[in-house]
Amino acid sequence: MANDFLSMITGSFSRPAAGNPTVAMVEAAYRHHDLDARYINCDVPPDALGDAVRGARAMGWAGFNCSIPHKVEVVAYLDQLAPSAELIGAANCVVHRDGELVGENTDGQGFLASLRTLIDPPGQELVLFGAGGAARAIAVEAALAGAASITVVNRNPERGAQLVKLLRERTPVSAEFVPWDRPFRLPEATAIVVNATSIGLAPDVDGRLELELDSLLPQMVVADVIPNPPQTALLRDAHARGCVTLDGLGMLVNQAVIGIRHWTGVAAEPAVMRRALEDALDL
């Protein structure tokens with residue numbers, strides 16, 4: 001049999017991309033499962049996203065991830081959306097399926113799998129910072145999982161209001177938008193706090209949310225979606241005030257497991273991926 005030198009190609013489109021450790025995790029899974037596949041981390045500016053998607057299609061990529069700031073905008077360049085992505089209005093995982101680019105959303109599912117190691121959403125009050133692609137996915141999945149209420153805190157009033165409108169119209173959750181024009185004070189009844197913004201993402205590792213720190217209470221679970229660095233300023237501040245904290249590595253691993261299954265049909269081993277992430281980040 002002749003050698004086959006054509007590897008399956010997958011990758012990621014984001015900006016900034018240099019701090020995204022997904023490539024180390026996914027390629028470790030490919031090696032572990034003996035897959036002839038590659039994952040390419042691409043720094044794609046917003047005005048070149050359409051070119052990047054067309055290039056992936058032309059080169060026969062099996063699929064790709066979209067991260068900040070492309071999860072919502074990429075929808076315009078796809079052939080169709082899976083039901084979860086359609087409801088959320090964002091796609092973080094694209095699959096080249098039967099000649100079409102299909103948008104999936106694995107962010108919310110990955111986040112909930114990680115969150116449930118500490119707390120289950122049903123009946124809980126949640127405060128969510130951000131209203132972009134990751135925030136939309138988390139909000140929708142938490143609402144469908146039975147969260148009692150979701151408060152969306154966002155600087156862009158239009159985007160925040162749109163997310164709350166979506167939650168009210170298409171999920172059973174009670175939702176409220178709060179403009180983020182001053183340091184936010186968490187309500188005492190808050191059970192789950194989630195940073196779904198890029199604040200604190202490398203290289204801006206000292207970035208801090210505009211938050212009244214004395215409103216962080218020990219009974220709260222504080223989660224950050226940022227994987228690099230895993231211990232963001234928010235999580236350090238929350239830990240110092242006695243909160244239980246959840247870093248972004250678990251979400252990243254869980255959503256990548258789903259993505260690899262979409263692209264290859266293989267159920268990737270999460271422990272292998274987590275170790276690769278920790279090694280890549282010198283943890």
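**Close-up views of a predicted model**

**View 1. The largest pocket encloses about 760 Å³ of space.** Among the 44 residues lining this pocket, Ser67, Ile68, Lys71, Ala134 and Ala196 are the closest to its centre. Four elements, β1 (8-14), β3 (63-66), α5 (133-144) and α8 (249-264), each contribute at least two residues to the lining. Classified by residue type, the lining of the largest pocket comprises 22 nonpolar, 17 polar and 5 charged residues. The model shown in this and the following views is predicted.

**View 2. The whole protein contains 9 helices and 12 strands.** Its radius of gyration is 18 Å, close to the 19 Å that the globule rule gives for 283 residues, so the protein is as compact as a globular protein of that length. Along the principal axes, the C-alpha atoms fill a box of roughly 65 × 40 × 30 Å. Of the 283 residues, 54% are buried. Among contacts with a separation of 6 or more, 70% are made by residues 24 or more positions apart. This view provides the setting for the local details that follow.

**View 3. Asp79 lies in the loop between β3 and β4 (80-81).** How accessible is Asp79, in terms of relative accessible area? The value is 37%, and Asp79 is therefore partly exposed, since this class lies between the limits of 20% for buried and 50% for exposed residues. Beyond its neighbours within four places in sequence, Asp79 is in contact with Arg57, Gly99, Glu100 and Leu101. Two of these partners are described here in atomic detail. The side chain of Asp79 is joined to that of Arg57 by a polar contact of 2.9 Å. A polar atom of the Asp79 side chain also lies 2.7 Å from the backbone nitrogen of Leu101. Asp79 and Leu101 are 22 residues apart along the chain, yet their C-alpha atoms are separated by 5.3 Å.

**View 4. Helix α7 (residues 233-240) and its surroundings.** Which residues of α7 are buried? They are Ala233, Leu234, Leu235, Asp237 and Ala238. The cover over these buried residues includes three strands, β10 (192-195), β11 (221-224) and β12 (244-246). An α-helix has 3.6 residues a turn, so residues three or four places apart point the same way. After α7 comes Gly242, which has a positive phi near 90 degrees.

**View 5. The largest cavity has a volume of about 30 Å³.** How many cavities of 30 Å³ or more does a search of the whole structure find? The search finds 1. The lining of the largest cavity consists of Asn195, Ile199, Gly200, Gly207, Arg208, Leu209, Asp224, Thr232, Ala233 and Leu234. By class, these lining residues divide into 4 nonpolar, 4 polar and 2 charged. Two of them, Ala233 and Leu234, also belong to the buried residues of helix α7.

**View 6. Arg275 is located in helix α9 (residues 270-280).** Is Arg275 buried or partly exposed? Its relative accessibility is 48%, so Arg275 counts as partly exposed. Thr245 is included as a reference position: Arg275 and Thr245 are 30 residues apart along the chain, and their C-alpha atoms are separated by 20 Å.

Note on methods
Residues are numbered from 1 along each chain as its sequence is written. This is a predicted model: local features need pLDDT of at least 70, side-chain atom pairs count only at pLDDT 80 or more; totals for chains, interfaces and linings use all residues. Side-chain values use heavy atoms; hydrogens and water are left out. On a 1 Å grid over the protein atoms alone, a cavity is a set of points where a 1.4 Å probe fits but cannot get out, and a pocket is an open set with protein on both sides within 12 Å along at least five of seven lines; lining residues have an atom within 4 Å of a point. Grid points are joined across faces, edges and corners, and a volume is the space filled by probe spheres set on the points. Ala, Val, Leu, Ile, Met, Phe, Trp, Tyr, Cys and Pro count as nonpolar, Asp, Glu, Lys and Arg as charged, and the others, Gly among them, as polar. Buried means under 20% relative accessible area, exposed over 50%, partly exposed in between (1.4 Å probe, protein chains only). Contact means heavy atoms within 4.5 Å. A polar contact is a pair of N or O atoms within 3.5 Å; within protein, one must be able to donate a hydrogen and the other to accept it, and residues adjacent in sequence count only if both atoms are side-chain atoms. The radius of gyration is taken over C-alpha atoms; the globule rule is 2.2 Å times the number of residues to the power 0.38.
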